[in-house]
Amino acid sequence: FMSTTTNRAVAFQYAKGKGAGTILEIQTGMIDRGAELGWLSLYPHEAELCFPPLTGLEVVGTRVEDGILVLTMRLNLNLSTSTIDEVVGKRRKVVVGMCDNISVEAKKSIDGETWDALCRELN
């Protein structure tokens, strides 16, 4: 996830720390907005937005402001990213299929009586 702020003063406060500061000024539209987190944040004054994994950033401009490099960015969200539940479900399906295949291969390798005894032992 990518965490950002809509509060310009907060961004400059973080950027003025040690070393050279950089701010990503992100242009968003109706589709590629982040999720507002202020309502559950310990720091609601930071006006935090969170963007999903695989969010693409494209530099469309640069400038220096108060000694800080400001990169103007355009967002591209990956709207087809799977949810965690979908990823876990797909992975579970792969693992169950693999276990079924291992079971079939083991059964082929072991004679019937030994296989039956092994199954009784596992249950």
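Which residue stands opposite Gly 56 in E6? Opposite Gly 56 stands Asn 76, and the two strands concerned, E5 and E6, pair in the antiparallel sense over 9 bridges, where pairing requires that DSSP finds at least two bridges between two strands.

The model is predicted, so to be counted local features need pLDDT of at least 70 and side-chain atom pairs pLDDT 80 or more, whereas totals for chains, interfaces and linings use all residues. Residues are numbered from 1 along each chain as its sequence is written, and side-chain values use heavy atoms, with hydrogens and water left out.

**The sheet and its helix**

An open sheet of 3 strands with mixed pairing has the order E2-E6-E5; strands are DSSP runs of E with at least two residues, helices runs of H or I with at least four, both numbered from the N terminus. Strand E2 (22-27) and E5 stand at the edges with a single partner strand each, so one side of each lacks a neighbour in the sheet. From one strand to the next the twist averages 30°. Helix H1 (residues 8-15) lies across E2, E5 and E6 and runs at about 150° to E2; contact means heavy atoms within 4.5 Å, and angles, from 0 to 180 degrees, are taken between N-to-C directions of axes fitted to C-alpha atoms, for helices over the stretch in contact.

**Two loop residues with positive phi**

Most residues other than glycine have a negative phi. Ala 47 has a positive value, and so has Asp 66. Buried means under 20% relative accessible area, exposed over 50%, and partly exposed in between (1.4 Å probe, protein chains only).

| Residue | Phi | Loop between | Relative accessibility |
|---|---|---|---|
| Ala 47 | near 50° | E3 (35-36) and E4 (48-51) | 17%, buried |
| Asp 66 | about 50° | E5 (56-65) and E6 (68-76) | 62%, exposed |
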